[in-house]
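Open the model in your viewer and keep the selection tool at hand. Follow the stops in order.

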Amino acid sequence: MPIERLQALDNVEKEIASCIQSAGQALTELSKDKASMKQVESHTSLFLKTLNHVEGELSKHINYLTQVSTGSPHEGTSYGSVKMYKTARHRIEHTRTRLQDLENLKNRALASSVRPTSAQNNP
């Protein structure tokens, strides 16, 4: 799936180059003393057609990236699952830390309650 997306983006890049080339050819034709309006219109039409296709393809990729980056479930990616896993791991570590703190408090309370009792029995 990622390879196909990269290939699609590579094709978009080639279409952008083609689009620029069409615009350049239209401008070259216009710069001539006797410009052929038919050629200018042909290059301009190709430019606009390619530009619309590039815009559509880039919109698809942007929508895909928006979907993936928000963590919403998406077919073909594990981003959401990885995000949930990392969050769960963080919660587990936090819970362990809090339990350790409670254990330490309990041990201190037990230790302080044992000392006065043993001090009273030893005089």
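Select Lys60: at 53% relative accessible area, over the 50% cut-off, Lys60 is exposed. Now add Glu57. This partner is buried, at 18% relative accessibility. The two form a salt bridge, with the closest N and O atoms 3.2 Å apart. They sit three residues apart in helix 2, so about one helical turn separates them.

Bear in mind that this is a predicted model. Mean pLDDT for the chain is 84, and 86% of residues reach 70 or more. Helix 1 has the highest confidence, at a mean of 91, while helix 3 (residues 79-121) has the lowest, at 82.

Stay on helix 2 and show its end C-alpha atoms. They are 47 Å apart, which agrees with the 48 Å expected for 33 residues at 1.5 Å each. Buried residues here include Val40, His43, Tyr64 and Val68.

Next, pick Lys14 and Asp10. Their salt bridge has its closest N and O atoms 3.6 Å apart. Lys14 is exposed at 53%; Asp10 is partly exposed at 33%. Both belong to helix 1, four residues apart, or about one helical turn.

Move to helix 3 and select Glu103 with Lys106, which are three residues apart. This salt bridge closes to 3.4 Å between N and O atoms. Glu103 is partly exposed at 35%, as is Lys106 at 43%. The structure holds five salt bridges.

Last stop: select Leu6, Leu9, Ile16, Ile20, Leu58 and Ile62. They form a nonpolar surface patch with about 530 Å² of accessible area together. Helix 1 (2-31) and helix 2 (37-69) each give two or more residues. Helix 1 gives the most, four. Within helix 1, Ile20 counts as exposed at 58%.

Definitions and conventions:
Residues numbered from 1 in each chain as written. Predicted model: local features only at pLDDT ≥ 70, side-chain atom pairs only at ≥ 80, totals over all residues. Heavy atoms only, no water. Patch = residues over 30% accessible without salt bridge, like charges linked within 9 Å, V, L, I, M, F, W, Y side chains within 5 Å. Areas by Shrake-Rupley, 256 points an atom, 1.4 Å probe, with all protein chains shown as cover. Salt bridge = Lys/Arg side-chain N within 4 Å of Asp/Glu carboxyl O. Buried < 20%, exposed > 50% of the residue type's maximum accessible area, 1.4 Å probe, protein only. pLDDT = per-residue confidence, 0-100. Expected span 1.5 Å × (residues − 1).
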